[in-house]
Structures are given as C-alpha cells and as structure tokens.
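Thanks for coming. I will go through the inside of one structure, starting with its enclosed spaces and ending with its nonpolar cores.

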Amino acid sequence: QTVEFAGVAVHDVVVRKTGGSVTFPSGFTCADLDLRETGNLVFRFAAGETVTCADFSADGVTLASTEERTKWLLDIRSSATANGITVSDSKAVGLAVYADSSSREQPGREGSCERWTFGALAQTWTGLAGDGKWETAENWSPAVVPGPTSRVVIAVASASVTATEAASVQNLVLGNGSDKVSLRLDNVLASAGGVDGTGGATLTANKPMTVAGNVSVRENGKLTHTELSSSATKISDATYSVNVTCGGNLTVEAGGLIDAIGKGYRTNKGPGSNGQATAHGGAVNVATMAKCYGSLTCPTNCGSGSDRYVGGGAVRLTVGNDLVVNGSVIADSNPAGGNGTGSGGSVWLTAGALKGGSEGVISARSAAVGYAGGGGRILLVQTKATDLSAYKGTVSSGSINADSGPGTLYVEN
C-alpha cells in the first residue's frame, strides 16, 4: 500500500494495520504521527525526504527507508514515544528518539540510525506517593527512581516535582503542551540525550544542568532559578542561577522564557545596594553613590536590591551548536515599571552561533520607568560564527533613567 501526500500538510496520520507494508514515497508534515500494528507491519519512508510532526508514536512496527543506506529524516517537534520497534537508515533531525528496551536497529543495519537511542527505560511520573519527590520510587511508573538509561516524562496536570539529589537520565520531557507542570532541581542534572520543556512547564534549575543533546524551551514554557534568600548579602551568598551546558542546540521558542527576572538580591541586599541607589554593571549618579561590581568578560553575579525592590538574577548558557532565541532570556530587576528598582542581573551566553528572529529578547536591565538602579551585564560569545547577523532580536543591559548608568555588553566572536 502506498500513501502519497504530495506535499500537503495534514493533521493526524494514524495507521492501524495487520501485517504487510505501507510506503510513503515523499516527505510530509502532520501534527500527530501514530503507527501501530497487530502483525508484522513495515513502514517505508522516502529516502532523503523529511517527515515532520509535533508528536510521534510507534509501537511494534518496522521503520525503514525506501532505499537501503540512504536515510529518511524524522523531524519531531514536541514528543516521541517508541516501543518494540525495529528501525534502519534514519536520522532524527528534530528531537532525538529514545526507544524502549524491546526496540532495536534492523539486524545487519546496526549503526545506520542517527540520534536514535535503543534500550531506554520509559518512566512516567504518577505522583502516587504524594510527597512530590523525584527520589521516591512509588512516584514513577514503573516504580523505579529514574537512572542514566531512563527516558523520563512528567506530564500529569499540576504535577509539582522536586529533586534534591543529583540525577542522571537519558532524556527528559516536561509537560504535555498545555497543563501547568513544574520540576525543581536542587542538585545537578545530567542528560545523555535532551531536555524538552513544553508549553505550561516550568523547570527551576538551581544547580548546573548538563545535556549532551538538545534543550528546548517551548511556547509558554519557562526555565528559571529560585530567587536568592533574604539572608544573601555577599557575592558568595548567591547560590542560585540558571547554568546550562548543552552539547547540541538550545532553542527558546517564541513565547518561551528563560526567566531570572527579580531573582537576585532582596531589598537592601547585595554588593551594589545603597538605599535607593543600586549598582551592578552601571552605577547611579546620586549622593548615595553605589559602586559597580562583577566582571565584563565573566558576568555571573546577580543584581542588587534597593530599599524598595529586588535585583535581577543570573543566566549562563553554554551551547555547542546553535542558540536560537525567538523568545526571551531576561535577568532584569523587578518590578518592571516600578520606581527605585534594583539593578539588572547577568546573562552570559556562549554558543557556536546565536540565532533568532526579531521577536527575540536578551536583557539584563534595571526595569524601572522612574528612578532606576544601574544596568546589569551581558556577555555574548560565538565560537563558530563571525558576527551577530543571524540574530535579529534585541539585546539590552541598560537603565532607562538618565541618573543611572547603563550596564555592560561585551561581544566576542
């Protein structure tokens, strides 16, 4: 049986068939690709062509190319589930695919699949233990604490999960695209694959996160850190920040947010606090002058709090390939529009190339309309590109009040 879409995008492709084969002679785009069988069913996809879908699910089927040794491409944008399948000559160009322990590459074609992982343990959050703890086995299905070979999905509506011990997984999908789901990491997380935060999901990463593959912050998704404690006054007291090392691509989609807004020092706290005047990358031109602090070329500090409001937090992203910002990366003070605000925080971005459309925002400002604190600090480092022409969005470490000094912006190509 042959199914030809002729370049037409469709909503769902759902196949339920016993035995035989289905051939797609060209690439296609759909919202949901769902392939299941009750016999020996083989799907052949057009060699060199791309199948694009938001959600991918395959159970008990064989997936192959129409031409052996020429890969068919699978571009998954949101979620992937693969159980008991056999695959050959494929490359996952969107999300990586983590197939379960009963899946395999086609015998004789081992090594023909790129960004497919076979033998991963699928683990889903249930929260049945009722304590919200990652480390409690009874919160998972199956009832085992996730480990290095686990592909973890936390998608139960209103789930709130906290991990206090170091965690290692194959990959992590947080959220289901709509309902509010949260995961707080109070220790390091390592992922051999990828991390995908879907719409409605909040990932609070208080300690460093290392991901070998891709990281996605999707529309209405958020990556953030906890605000500093009210007892934090010195630079050494600032124990929280967003700190992600990503071996692949890191994408902040339109409507996605890396959020360090108002996450810095509390009121009257921090090395740049001096009453109504607060400094960081920029000083304040008033009688109670607050001094600048931090580094132009290694910005890691949070903004300081004024006698009314708090400073911005800190974000550091180290990306092996592309950092795509179509959403926002913000470490402003808080609240936006206030008077006498704290100083802006820090944003340090290192990537092969910084890319993004005109809607992208990178900011570490003092966000007042009236009397403002000093601006924060931003460092942009590109290791493969030679200029910033691929990024069309805005970058600001300023302060919008004439009495307050702008922060610093340093670019290195």
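**Cavities, a pocket and the cores**

Two strands, β34 (346-351) and β37 (377-382), each give at least two residues to the lining of the second largest cavity. Before I go on, please keep in mind that this is a predicted model.

Which residues line that cavity? They are Leu323, Leu349, Thr350, Ala351, Leu354, Leu380, Val381 and Gln382. By class, six of the lining residues are nonpolar and two are polar, with no charged residue in the lining. The volume of this second largest cavity is about 30 Å³.

How many cavities of 30 Å³ or more are there? The count is two.

The largest cavity holds about 100 Å³ of space. Its lining has 14 residues, and those nearest the centre are Gly197, Leu203, Ser216, Val217 and Leu223. Four strands supply two or more lining residues here: β21 (195-197), β22 (201-205), β24 (215-217) and β25 (222-224). The lining of the largest cavity divides into eight nonpolar, four polar and two charged residues.

Next, a pocket. The second largest pocket has a volume of about 230 Å³. There are 16 residues in its lining, with Tyr240, Ser241, Asn243, Thr300 and Ala314 lying nearest the centre. The elements giving two or more residues to that lining are β26 (242-246) and β31 (314-319). Of these, β31 has the largest share of the lining, at three residues. Sorted by class, the second largest pocket is lined by eight nonpolar, six polar and two charged residues.

Now the cores. The largest nonpolar core is made of 48 residues. Which of them have the most contacts inside it? Those are Trp134, Ile154, Leu183, Leu250, Ile258, Leu317 and Leu323. One of these, Leu323, has come up already, in the lining of the second largest cavity.

Take Ile258 as an example. Setting aside neighbours within four places in sequence, Ile258 is in contact with Val217, Leu223, Val242, Leu250, Val252, Val315, Leu317, Ser328, Val329 and Ile330. Two names on that list, Val217 and Leu223, are also among the residues nearest the centre of the largest cavity. Leu250 and Leu317 are, like Ile258, among the residues with the most contacts inside the core.

There is also a second, separate core of 30 residues, which includes Phe5, Cys30, Leu35 and Ala82.

That is the end of the tour.

Definitions and conventions
Residues are numbered from 1 along each chain as its sequence is written. This is a predicted model: local features need pLDDT of at least 70, side-chain atom pairs count only at pLDDT 80 or more; totals for chains, interfaces and linings use all residues. Side-chain values use heavy atoms; hydrogens and water are left out. On a 1 Å grid over the protein atoms alone, a cavity is a set of points where a 1.4 Å probe fits but cannot get out, and a pocket is an open set with protein on both sides within 12 Å along at least five of seven lines; lining residues have an atom within 4 Å of a point. Grid points are joined across faces, edges and corners, and a volume is the space filled by probe spheres set on the points. Ala, Val, Leu, Ile, Met, Phe, Trp, Tyr, Cys and Pro count as nonpolar, Asp, Glu, Lys and Arg as charged, and the others, Gly among them, as polar. A nonpolar core is a set of buried Ala, Val, Leu, Ile, Met, Phe, Trp, Tyr and Cys residues joined through side-chain atoms within 4.5 Å. Buried means under 20% relative accessible area, exposed over 50%, partly exposed in between (1.4 Å probe, protein chains only). Contact means heavy atoms within 4.5 Å.
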